Amino acid sequence: QVLNALHVAQRVAAVDALAEMEEGRRKEALQHLYDQKQAVESHFLIVVQGTKGDVDCARNFAELYHASIQAWIEHEVTNFAAEVRMTVLNEMPDPSTAGERAFQQSFQARNWEEVLEYCIDVNSYLEKLFLKLFHRRKRGVVDTKLPALEERVRGTYKLLREIPEVWASKEEPTTAKDTIQGTAIPAARTM
């Protein structure tokens, strides 16, 4: 009955912790939405005011541009971390056979240091084995998937550098006739 009570208490604590984490995520998402709302409102306020100079408008667009890039990078990194975590956890061995595996790695392998560790505290020994396995697999997954993420980021930055060049090449310099004197004057190029 004591074990059952401990098990129930552990489940209740886990549910409470999950509920608390979810509430924290909800608050964080809500704050992010408020921040975005504030950014949109300030952007529209600058556009509507119309009295701001070109420098202020350019600064506002640059800030929005950098914020968008930063949000995209954070999104990509978060997705990468979640993908690595899920892949590693899916490859982890079944916890129900962990005791047998720990026994095999210590006693049957005749690794006396690990046998001693197993005998002193089985749970900490199991945790050590799982952490070693987790970190080893995590390194392998990160090493295989990181180049794809780096390539996506490099490709995005390359595209961001090329877009202004494409826009600039579409704007061919034209000439305008000076109607008073009849001479050709190169038109000012806009960027």
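Glutamate 22 counts as partly exposed, since its relative accessibility is 45%, and its side chain meets that of arginine 25 in a salt bridge, with 3.7 Å from N to O. The structure described here is a predicted model, and in it both of these residues lie in helix α1, three residues apart, which is about one turn of the helix. An α-helix has 3.6 residues a turn, so residues three or four places apart point the same way.

**The chain as a whole**

The protein chain has five helices and two strands, and a reader who follows the sequence from its start meets them in the pattern α-α-α-α-α-β-β. Of the 191 residues in the protein chain, 13% are buried.

**Salt bridges**

The structure holds six salt bridges, and three of them are set out in the table below, each with its distance from N to O.

| Residue pair | Distance, N to O |
|---|---|
| Arginine 25 and glutamate 22 | 3.7 Å |
| Glutamate 76 and arginine 152 | 2.9 Å |
| Glutamate 151 and arginine 154 | 3.9 Å |

In the bridge between glutamate 76 and arginine 152, the side chains meet at 2.9 Å, N to O. This pair links distant parts of the chain, for glutamate 76 belongs to helix α2 (residues 54–91) and arginine 152 to helix α5, with their positions 76 residues apart in the numbering. Is glutamate 76 buried or exposed? Glutamate 76 is buried, because its relative accessible area is 13% and the cut-off for buried is under 20%. Arginine 152, with a relative accessible area of 42%, is instead partly exposed.

Glutamate 151 and arginine 154, whose side chains meet at 3.9 Å, N to O, are three residues apart in helix α5 and therefore separated by about one helical turn. Salt bridges that share partners also bring in a further residue, so that Glu150, Glu151 and Arg154 are joined into one network.

**Helix α2**

Glutamate 76 also appears among the buried residues of α2, which are Asn60, Ile69, Glu76, Phe80, Val84 and Val88. The length of α2 can be checked with a short calculation: at 1.5 Å a residue, its 38 residues should span 56 Å, and the C-alpha atoms at its ends are 55 Å apart, which agrees.

**Patches on the surface**

Which residues form the positive surface patch? The patch is made up of Arg101, Lys132, Arg136, Lys138 and Arg139. Helix α5 (residues 122–170) gives the most to this positive patch, with four residues, and arginine 136 is a residue that lies in helix α5.

A nonpolar patch is also found on the surface, where Val2, Leu3 and Leu6 together have about 360 Å² of accessible area. Valine 2 is part of helix α1 (residues 2–49), and valine 2 counts as exposed because its relative accessible area is 62%, while the cut-off for exposed is over 50%.

Note on methods:
Residues numbered from 1 in each chain as written. Predicted model: local features only at pLDDT ≥ 70, side-chain atom pairs only at ≥ 80, totals over all residues. Heavy atoms only, no water. Patch = residues over 30% accessible without salt bridge, like charges linked within 9 Å, V, L, I, M, F, W, Y side chains within 5 Å. Areas by Shrake-Rupley, 256 points an atom, 1.4 Å probe, with all protein chains shown as cover. Salt bridge = Lys/Arg side-chain N within 4 Å of Asp/Glu carboxyl O. Lys, Arg positive; Asp, Glu negative; His and termini not counted. Charge placed at Lys NZ, Arg CZ, Asp CG, Glu CD. Buried < 20%, exposed > 50% of the residue type's maximum accessible area, 1.4 Å probe, protein only. Expected span 1.5 Å × (residues − 1).
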